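Please look over the model shown below before reading on. The briefing that follows covers helices first and then backbone details in loops.

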Amino acid sequence: MENLKVACIGAGASGTGHIALIEKYAPGSMVAFCDLDRSLFDKIINSYPGGSGAKEAGDFKTDAASLRKDLKNIPFYTDPEEMFAREDINTVIIATYCCAHYEMVEKCVKRNMNILLEKPIAIVETDIEKTWQLLKNYQKVATVNFTMRGAPVSLAAKRHVKNGTIGKIVSVQYINNVHYGDCYFRGWMRTKEKIGNLFLQKATHDFDIINSIIGLKPVSIAAFGSRQIYGGNMPNDLTCDECDRKWTCPMSIYKLELEAGKPLPGKNNRLCVYAREIDIDDNQTVIIQYEGGVTASYCQTFNAPQQGGQRGGYFIGNDGIMHLRYYGQFQETSGGQILVGNSQLDITRYHEKPGSRIHEVYDWNGHGHFDGTEYGIMAKLDLLNGRPTEVANTIAEGYISAKMCLAAQKSIETHKVVDIDLNL
Ligand SMILES: NC(=O)c1ccc[n+]([C@@H]2O[C@H](COP(=O)([O-])OP(=O)(O)OC[C@H]3O[C@@H](n4cnc5c(N)ncnc54)[C@H](O)[C@@H]3O)[C@@H](O)[C@H]2O)c1
């Protein structure tokens with residue numbers, strides 16, 4: 001493998017997070033970055049020498065206090081074409097708004113780059129299919145960033161099912177009650193135009209986790225969804241900072257901080273959740289049929305209270321039940337410090353004494369995505385260096401999950417069961 005020469009297109013929370021992580025594990029490999037503007041990059045990178053990471057770094061915040069000082073000076077471009085023309089690059093992180101993913105993949109494929117693509121692979125049917133066709137037999141590394149796949153608890157759950165701990169899989173019951181769900185309505189992610197829907201933004205991870213744990217392909221899907229909490233008639237550019245209902249509105253970030261100890265979001269995520277432009281659903285319920293008649297249910301909501309986040313579910317086999325809880329224990333201070341954070345697996349089996357069970361705890365305190373962030377980036381470096389990894393996050397997996405999201409949305413819109421037409 002030649003030396004890594006990495007560029008990032010879209011250097012916000014995720015992109016700059018990847019930049020910091022790549023530099024942490026492969027110092028000196030970041031060459032350049034491209035964005036419409038560099039303000040998030042500057043804010044996040046400049047916050048690292050103190051070791052804390054800015055709020056804007058979100059879940060990709062890492063302990064990168066020892067980053068090289070001149071990282072903030074790597075060349076910056078607003079046009080990816082100009083960056084490709086001027087810089088010597090062999091690998092590209094794509095972390096723009098989701099609607100621009102396909103356009104950037106196409107540019108990278110033309111130049112035969114390794115591609116580290118953020119999820120979802122794209123947000124509309126044509127782009128999802130075109131991305132898949134471009135990358136299906138791609139000779140370079142191409143991955144989609146399903147951050148929870150590197151989490152030790154995800155790998156353990158997958159191994160249990162593969163090794164037959166609960167026997168043959170029969171069904172799955174999975175939920176995602178998002179306690180930071182309001183954040184999706186406080187920034188750019190709140191319109192169909194930029195993200196498609198919250199299946200593509202959120203459920204795509206969980207669909208991928210279910211697919212990976214049970215090792216089966218989805219066949220058809222049915223879903224319902226609606227918007228119950230967010231959206232309204234408030235101006236699109238209003239923020240909690242400027243609003244005269246700052247101390248009275250139940251969804252004010254200040255009131256939530258005061259009354260529920262909810263950490264204040266970064267300045268880029270403070271828009272009013274009752275804005276006019278909000279046009280995506282905020283709760284969805286899905287049922288999925290897999291190969292062999294295996295069934296799954298999935299629900300996501302975006303208005304769980306600060307201490308009410310739940311993610312995971314029951315994996316039911318003919319020989320037992322595995323309960324996966326990403327938020328086994330979770331407590332965060334209003335300053336954003338996590339006091340306790342772990343994921344848990346509980347397995348009860350048919351042929352086991354009443355007091356017996358498998359109980360496993362996976363501590364992720366201090367690490368994002370249930371400890372998947374760092375292991376995920378290390379897996380990407382393994383792939384780029386030709387080493388095997390359990391966390392390959394293939395484009396095929398990204399394609400299947402994105403197709404499930406589209407099919408679920410189509411089911412909501414048509415009130416019909418939708419077959420998942422995989423062109424693998
Ligand atoms: N894997 C995960 O767990 C995870 C978590 C959050 C976000 N994401 C994904 O990461 C991507 C970015 O989300 P984010 O939260 O980092 O958002 P963000 O707003 O923090 O960053 C996005 C950046 O992309 C830039 N950008 C947008 N369109 C561009 C274009 N055409 N050319 C160049 N730059 C462009 C924006 O200016 C911004 O700086 C999204 O696709 C999102 O789905 C993934």
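Is aspartate 371 buried or exposed? With 24 C-beta neighbours inside 10 Å, aspartate 371 counts as buried (20 or more other C-beta atoms within 10 Å of its own, against 12 or fewer for exposed and partly exposed in between, with C-beta atoms placed from the backbone). The model is predicted, with local features requiring pLDDT of at least 70 and side-chain atom pairs pLDDT 80 or more, while totals for chains, interfaces and linings use all residues. Residues are numbered from 1 along each chain as its sequence is written.

**Helix H8**
- Helices (H or I, at least four residues) and strands (E, at least two) are DSSP runs numbered from the N terminus, and 17 of the 17 residues of H8 are buried.
- H8 bends by about 45° at threonine 204 (the angle between axes fitted to the seven residues ending there and the seven starting there), and glycine 215, which follows H8, has a positive phi near 65°.

**Helices H5 and H11**
- The axes of H5 (residues 125-135) and H11 (residues 395-414) come within 10 Å and cross at roughly 165° (lines fitted to C-alpha atoms over the stretch in contact, with angles from 0 to 180 degrees between N-to-C directions).

**Loops**
- Aspartate 371, in the loop between strand S14 (358-363) and helix H10 (372-384), has a positive phi near 80° although the residue is not glycine.
- Asparagine 393 lies in the loop between H10 and H11, has a positive phi near 45°, and is buried, with 25 other C-beta atoms within 10 Å.
- The peptide bond from lysine 119 to proline 120 is cis, with omega near -15°.
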